[in-house]
Amino acid sequence: MALPVLNNKNARAIFLDRHLLSAAPNGSSKGTDLLDLITRLGFVQVDSISTVERAHHMILRARKASYRPKHLAPLLEEEHSLFEHWTHDASVIPTAFFPHWKLRFARDAETLRRQWRSWRRAGFEEKVDQLLERIDVEGAKSSACVGEGEKRGSGGWWDWHPSKTALEYLWRTGELTVSRRESFKKFYDVTEKVLDEALIAPEPDQKKSIDWLCNAAMDRLGFASSTEIADFWDIVTKAEAKEWCAQAGLIEIDVEGVDGTFKRAFARDGILEEKAPKPTSRLRILSPFDPALRDRKRAQRLFGFHYRIEIFVPEAKREYGYYVFPMLEGNKLVGRIDMKALRADDILNVTGLWWERGMRATPARLDKLRAELDRVARFAGVSTVVIDPKLGL
């Protein structure tokens with residue numbers, strides 16, 4: 001029997017609405033308003049690359065034009081209404097979700113001990129209790145503050161000294177929390193000394209956490225396969241998500257891709273009648289790590305947009321550039337742009353521009369792009385946009 005169909009136009013509208021990219025990016029971007037934004041997204045991925053600004057700041061700016069990086073620190077380092085931990089990657093997460101991360105802590109405790117015994121230098125397990133006691137007495141420490149006398153490697157993620165590994169293990173298993181960052185370096189403190197006991201004390205059982213995590217993923221995706229639900233937080237296993245989908249009272253639908261093919265998905269009853277708002281026609285430059293693009297296969301299926309990070313691709317083999325930003329206009333991903341904030345020169349330097357197939361550089365579209373580049377320049381703290389004349393802008 002044929003499944004009900006969610007056509008591609010409506011699928012994109014629902015998806016962008018769930019990812020808070022439909023409405024114009026107006027309004028307050030501080031305090032409780034910023035916390036509400038992150039809560040609605042679920043998490044914001046943290047990344048260190050800063051060709052314009054770091055990824056988490058670019059993600060938030062795309063949804064609130066008034067956002068500035070200084071707005072995030074109070075929530076993380078003073079109020080602690082957000083905490084840093086892992087989803088599919090390192091992320092900023094509402095502390096209200098912390099009890100359900102205890103499932104991850106427990107699973108990581110077992111998995112990481114087993115993996116890191118062979119992946120990391122020997123000796124980290126002997127440092128775990130010692131470091132936890134030391135931080136409890138002395139206060140927050142970074143990896144540079146511990147491991148006195150231990151051989152230091154290249155500093156890469158593959159060559160941590162044993163005390164650095166122990167710090168990361170204690171963080172990944174919930175004993176320590178990132179209390180602050182200095183020049184992006186993490187400082188770890190005992191979790192109970194950083195986060196509000198009322199927020200972190202609840203101990204939901206595994207079944208309740210799985211139910212919460214799957215429900216929360218579905219709310220933020222709109223429609224998804226069981227694998228996509230499991231991948232959203234990367235805590236629930238694929239088997240657990242599959243079982244949850246079978247018992248959660250969902251409907252099955254076919255979601256039309258931009259090429260006219262269909263993919264089966266689960267959704268809540270009523271999604272076919274949902275009237276998602278028409279996305280604003282504003283052109284926005286997105287982070288490559290934007291939540292709407294995290295699942296590259298889904299972005300290609302819904303929008304026809306194939307994207308990969310070329311940081312690790314040799315320069316001569318890159319199709320586009322080192323760190324190229326996708327561009328969203330209305331309900332279409334229309335192109336990608338290569339740019340960098342050169343703060344010493346007070347410029348935003350635009351060196352590459354590629355329109356997707358079928359997207360013409362109309363005068364109206366170019367006007368929108370110039371306006372967005374001016375906004376990005378202000379966000380990056382530079383006063384002038386410099387565009388390579390060959391780009392025709």
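Start by selecting Val5 and Asp254: in this predicted model, Asp254 of strand E8 is the bridge partner of Val5. Widen the selection to strand E1 (residues 5–6) and strand E8 (residues 251–256), and you will see them pair in the parallel sense over 2 bridges.

Stay on E8 and add strand E9 (residues 262–267). These two pair in the antiparallel sense over 6 bridges, with Val255 facing its bridge partner Lys263 in E9. Together E8 and E9 make a hairpin with 5 residues between them. Click on Gly260 in that turn: its phi is positive, about 90°.

Next, go to an open sheet of 3 strands, ordered E2-E4-E3, with antiparallel pairing. Its edge strands, E2 (44–45) and E3 (82–86), each pair on one side only. Between E3 and strand E4 (residues 90–94), count 5 bridges. Show Glu84 and you will find it opposite Val92 in E4. Now add helix H2 (residues 31–41), which packs on this sheet and touches E2, E3 and E4. The direction of H2 makes about 115° with that of E4.

Your next selection is helix H10 (residues 206–221). Its 16 residues should span 22 Å at 1.5 Å a residue, and its end C-alpha atoms are indeed 22 Å apart. Colour the buried residues of H10, among them Ile210, Leu213, Cys214 and Met218. Just after the helix comes Gly222, with a positive phi near 90°.

From H10, pick Asp219 and look for Arg268: their side chains meet in a salt bridge, 2.9 Å from N to O. This pair links distant parts of the chain, since Asp219 is in H10 and Arg268 in the loop between E9 and strand E10 (283–285), 49 residues apart. Arg268 counts as partly exposed because its relative accessibility is 31%, and Asp219, at 41%, is partly exposed too.

The whole structure holds 27 salt bridges, so here are two further stops. Select Glu356 and Arg336, whose closest N and O atoms are 2.7 Å apart in a salt bridge. Glu356 lies in the loop between strand E13 (347–355) and helix H14 (363–380), while Arg336 is in strand E12 (residues 332–342), so the pair ties together parts 20 residues apart in sequence. Glu356 is buried at 15% relative accessibility, and Arg336 is buried at 2%.

Finish with Asp108 and Arg104, which form a salt bridge of 3.5 Å, N to O. They are 4 residues apart in helix H5 (residues 98–119), so about one helical turn separates them. Both are buried. Add Arg172 and Asp234 to see one network, joined with Arg104 and Asp108 by salt bridges that share partners.

Note on methods: Residues numbered from 1 in each chain as written. Predicted model: local features only at pLDDT ≥ 70, side-chain atom pairs only at ≥ 80, totals over all residues. Heavy atoms only, no water. Pairing = 2+ DSSP bridges. Contact = heavy atoms within 4.5 Å. Axes fitted to C-alpha atoms, helices over the stretch in contact; angles between N-to-C directions. Expected span 1.5 Å × (residues − 1). Buried < 20%, exposed > 50% of the residue type's maximum accessible area, 1.4 Å probe, protein only. Salt bridge = Lys/Arg side-chain N within 4 Å of Asp/Glu carboxyl O.
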